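The following exercises invite the reader to work through one protein model step by step. Please examine the sequence and the structure before reading each solution.

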Amino acid sequence: MIRPDLTLPIPENIEAAHFIGIGGSGMSGLARMFLARGIRVSGSDRADSKALRDLAELGATVHVGHDAANLGDDVDTVVHTGAIWPENPEFVLAKERGLHVIHRSQALHWLIGGRRLVSVAGAHGKTTSTGMIVTALQALGADPTFVNGGVIAQLGVSSGTGSDDLVVIEADESDGTFLLYDTAVALITNVDPDHLDHWGSRAAFYEAFARFGNDAREAVVISADDAGARLVAERLTHPHVVTFGEAEAATVRVTEIRTDGPVSFSITHGGTTVSATLPVPGAHNAINATGAVAVLLTLGHELEPAVRAIEGFAGTVRRFELHGTERGVSVYDDYAHHPTEVAAALAAARTVVGDGRIIAIQQPHTYSRTQEMYREFAEVLEHYADHTVMLDVYGAREDPVPGVTGELVSGAFADPAHVHFVADWQDAADYTASVARDGDYVITLGCGNVNLIIPQVLEALERSAEPGE
């Protein structure tokens, strides 16, 4: 992988930008914003996708596959992610030409300029919380610019250019780039140590979040419940700290959470309590909503209209997203790729599945995370799912590590009857269909490409008989 060099100069003017990995949700959102600014955009990705086709319709020149020939003669700036290899031919040629080569976070920093910025960071819940803030601001009459890590369901896009001075972004802590931005209001959803391959230690991870919060110009909004967030809060010296959560001492407190269907709850601030219901399930979404309301209050909105605006949030793509139902079996997809996220996704599913069972199809993401957390994954999956179909590791930017496969996770289950490791996707789809029955939920889990197995699962369900028939 390529670690971002945030010391590299960002060009003052960009006329033609080339995006390496343009199909990703974050990169495609940036490219869309560059197009909105009248900048010529080209880009490449390793596979075709709807994101590529949508950008082409907007006027971008897109290529499937990475090739030096994709880099046009008019390009003055190349934008990349940390997920590409240093040997990428487009990256190599850009360096040889002496072009501006910047990380995606630097491109976003350039787009933000000097506007008032809300940055959302945390190990989990960033995309949902960002989506809640953006859609609520729009419902309240604002028109913010935004860049999210996932597609906001009711908007159909992950980014948008607004007319207001306000910008809302999902800020990435995985590589330290969240420290690049000139943030006005910082939201810290939680601080569950992850990405230690970059940070080196938990202490360094906590210290980075403390710096992120302390550097905010106006306020830092932080969880009062999360253990890691409380450790960070002890390091905060900011004069305006707003806490949120179920803790009695929280500045913005959530109570009476009910999860028997769409999640309902009450939010209290300054002696006033307002009840709310969300169309998305899960106690974690009540917590996310409370953090989003705390941000809206910090921006000057009143409690009642802020809560009413949050209620309109319809979710984000790849967060408990229903893809289809066959033979009475509903097939969902969720981006969860950390044990805490997997637990939250499956717990939310449990509140709405009724008498049905939950069958998880898990794709471990990266060899380093799998090696470090395989026992935690096994424990969470065995506790929250009725059965797990384990796929092999999605390596992303990493080279394979001997012995680190999906079987490492499945072998850590206390009861082997609760898990089935299948490396071949078609075999995995067929096996899932063979054990699923009417009323069950099948949920794919992971931030790699596990969602691409869903058509195979639905097809396998369609042509299979109910178990026992």
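The exercises below concern a predicted model and proceed from the whole chain to one sheet.

**Exercise 1.** Determine how compact the protein chain is for its length.

*Solution.* Step 1: the secondary structure of the chain comprises 15 helices and 21 strands. Step 2: the radius of gyration is 22 Å, close to the 23 Å that the globule rule gives for 469 residues, so the chain is as compact as a globular protein of that length. Step 3: the C-alpha trace spans about 65 × 60 × 40 Å along its principal axes.

**Exercise 2.** State what share of the residues is buried and what share of the contacts joins residues 24 or more positions apart.

*Solution.* Step 1: a residue counts as buried under 20% relative accessible area; buried residues make up 55% of the 469 residues. Step 2: among contacts with a separation of 6 or more, 66% link residues 24 or more positions apart. Step 3: the accessible surface comes to about 18,400 Å², and carbon and sulfur atoms contribute 49% of that surface.

**Exercise 3.** Establish the strand order of the open sheet of 5 strands, and identify the strands at its edges.

*Solution.* Step 1: the order is β3-β2-β1-β4-β5, with parallel pairing. Step 2: β3 (61-64) and β5 (100-103) each have a single partner strand, so one side of each is left without a neighbour in the sheet, and these two stand at the edges. Step 3: from one strand to the next, the twist averages 20°.

**Exercise 4.** Trace how β1 and β2 are paired, and find the sense of the crossover that links them.

*Solution.* Step 1: β1 (residues 16-20) and β2 (residues 40-45) pair in the parallel sense over 5 bridges. Step 2: Ala 17 has Val 41 in β2 as its bridge partner, and Phe 19 has Gly 43. Step 3: the chain runs from β1 through α1 to β2 in a right-handed β-α-β crossover. Step 4: in β2, 5 of the 6 residues are buried, which leaves the strand mostly covered.

**Exercise 5.** Describe how β2 continues to β3, and where helix α2 packs.

*Solution.* Step 1: β2 and β3 pair in the parallel sense over 4 bridges; the bridge partner of Ser 44 in β3 is His 63. Step 2: helix α2 (residues 50-58) packs on the sheet and touches β2 and β3, its direction making about 155° with that of β3. Step 3: together, β2, α2 and β3 form a right-handed β-α-β unit.

Notes:
Residues numbered from 1 in each chain as written. Predicted model: local features only at pLDDT ≥ 70, side-chain atom pairs only at ≥ 80, totals over all residues. Heavy atoms only, no water. Pairing = 2+ DSSP bridges. Axes fitted to C-alpha atoms, helices over the stretch in contact; angles between N-to-C directions. Contact = heavy atoms within 4.5 Å. Buried < 20%, exposed > 50% of the residue type's maximum accessible area, 1.4 Å probe, protein only. Right-handed = clockwise from strand over helix to strand, strands pointing away. Rg over C-alpha atoms; globule rule 2.2 N^0.38 Å. Areas by Shrake-Rupley, 256 points an atom, 1.4 Å probe, with all protein chains shown as cover.
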